[in-house]
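Okay, everyone, pull up the model on your screens and get the side chains showing. I'll talk you through some spots, one at a time.

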Amino acid sequence: MASTVFPAPSSAAASTAFATTCEVATTIYENESNFSTGVYTVSVSPAASGEARLTFASDTAIITTITTASSVATFTLSTAATKVFINTSNGASANLVVTVTRAADSLTPDDIGNGTLDTINTTGTYNQTGVLGVLVLGGGAAGAACATNNSATTGGAGGRAGFISGGMVITNSATTVTVGAAGIADRGANTAPTNSSFGNLITTNAVDNAFPNGNGGAGGNYGSATGGNASAAFQSFNGNSTTGGGGGANVGNNAARPAGGGSGIGTGGQAAASNASQGGAGTGKASGGAGGKGGYNQSGQTGGDGTAGVVYVLRGF
């Protein structure tokens with residue numbers, strides 16, 4: 001049984017479309033047409049009357065198979081096809097109309113990482129202008145202190161990595177860049193880290209969901225503390241490098257030493273090995289310090305310091 005096709009497909013973007021009536025469910029119909037690469041939408045009508053499965057092929061190979069799980073499917077055809085086979089699901093309505101539309105060209109973006117990377121470690125003025133990719137990391141937090149009494153049961157939590165944000169900007173004049181300061185550990189109250197910013201265009205005063213933050217590990221009793229988490233990877237800016245939060249501290253000698261998260265940009269501090277010891281400081285940039293370690297019948301200690309933030313700017317891509 002042949003399928004009914006109308007109108008004849010054309011090669012123009014956003015105008016290539018055909019509709020075919022599948023008169024009998026589970027019967028395989030064939031349509032021979034030239035399908036260029038691009039983004040396509042497949043829909044069935046009436047909606048919710050059954051699924052359609054389309055297999056795109058050339059004369060020598062099957063290219064891809066698409067199923068309209070919810071009456072509509074959008075997909076990218078990466079290799080040109082010369083025919084499509086269509087069938088509807090068992091129980092689908094008779095005379096189900098399947099419509100295929102070429103919605104857009106498929107573009108392959110370039111990684112902007114082939115530009116020149118400037119690394120800014122201190123607050124100052126950035127003089128390059130034009131289209132810039134900017135990634136800012138704030139200062140990492142210090143680890144929390146353990147209890148000061150002689151019967152501490154929970155070590156201090158690790159400090160978080162510096163908040164992260166980024167995006168594309170255009171500047172036509174020099175820009176003031178602020179690099180966030182590290183959090184400093186203290187027995188009473190830690191000094192909080194500060195934010196980094198690129199002018200008034202990008203700042204790290206809040207969590208950017210595009211760059212999940214590396215949290216510090218939780219403090220715990222003997223063996224129950226957790227390590228710090230790594231932040232998101234930044235492939236375009238610095239390979240797959242990350243930074244991370246500090247490890248949480250345990251209580252007691254010979255307990256495990258949870259490590260900090262992250263590598264490349266920075267690594268969170270590692271918890272100390274011996275009773276009542278200060279947490280390890282973060283290393284690199286924008287990393288958190290480890291929590292302070294407690295000991296049975298001994299006073300606990302402060303956490304480790306975090307590290308200062310950093311600003312990356314890509315130009316000339």
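So, let's go straight to the rings: Phe18, Phe35, Tyr40, Phe56 and Phe75 make up one aromatic cluster. Two rings of Phe, Tyr or Trp (its six-membered ring) count as a pair when their centres lie within 6.5 Å; planes under 30 degrees apart are called stacked, over 60 edge-to-face, and the rest tilted. Before I go on, a word on what we're looking at: this is a predicted model, where local features need pLDDT of at least 70, side-chain atom pairs count only at pLDDT 80 or more, and totals for chains, interfaces and linings use all residues. Residues are numbered from 1 along each chain as its sequence is written, and side-chain values use heavy atoms, with hydrogens and water left out.

Back to the rings. How many aromatic pairs does the structure hold? Eight. One of them is Tyr40 with Phe56, a tilted pair, 6.4 Å centre to centre with 45° between the planes. Tyr40 sits in strand β4 and Phe56 in strand β5, 16 residues apart, and the pair links distant parts of the chain. By strand I mean a DSSP run of E, at least two residues long; helices are runs of H or I with at least four, and the numbering starts from the N terminus. Are Tyr40 and Phe56 buried or exposed? Both are buried. Buried here is under 20% relative accessible area, exposed is over 50%, and partly exposed is in between, with a 1.4 Å probe and protein chains only.

Now keep your eye on Tyr40 and look at Phe75. Why do we call this pair stacked? Because the ring centres of Tyr40 and Phe75 are 5.8 Å apart and the planes are at 20°. Tyr40 is in strand β4 and Phe75 in strand β7, so this pair ties together parts that are 35 residues apart in sequence. Phe75 is buried, just as Tyr40 is.

Those two also meet through the backbone. Strands pair if DSSP finds at least two bridges between them. β4 (residues 38-45) and β7 run antiparallel and are joined by six bridges, and Tyr40 stands opposite Phe75. In general, side chains in a regular strand alternate between the two faces of the sheet. You can see that along β7 (residues 72-77): Ala73, Phe75 and Leu77 point to one face and are buried, while Val72, Thr74 and Thr76 point to the other and are not.

Next, Phe35. Contact means heavy atoms within 4.5 Å. Setting aside neighbours within four places in sequence, Phe35 touches Phe18, Tyr40, Phe56, Leu77, Ala80, Ala81, Lys83 and Val84. Phe35 is also one of the residues with the most contacts inside the largest nonpolar core, along with Leu54, Phe56 and Val98; that core has 22 residues. A nonpolar core is a set of buried Ala, Val, Leu, Ile, Met, Phe, Trp, Tyr and Cys residues joined through side-chain atoms within 4.5 Å. Several strands each supply at least two residues of the core, among them β2 (17-22), β3 (29-35) and β9 (96-104).

Which strands make the sheets? One open sheet of four strands runs in the order β3-β8-β5-β6, with antiparallel pairing. Its edge strands, each pairing on one side only, are β3 and β6 (62-67). Inside that sheet, β5 and β8 pair over six bridges, and Phe56 has Val84 as its bridge partner in β8.

Another open sheet of four strands has the order β10-β19-β12-β13, antiparallel as well. At its edges are β10 (116-120) and β13 (164-171). β10 pairs with β19 (residues 310-315) over five bridges, and Leu117 stands opposite Leu314.

Last stop, a few backbone oddities. The peptide bond from Ser45 to Pro46 is cis, with omega near 0°, and Pro46 is in the loop between β4 and β5. Asn95, in the loop between β8 and β9, has a positive phi, near 60°, without being a glycine. Ala286 isn't a glycine either, and its phi is about 60°. Where is Ala286? In the loop between β18 (283-284) and β19. Asn95 is partly exposed, at 46% relative accessible area, whereas Ala286 is buried, at 0%.
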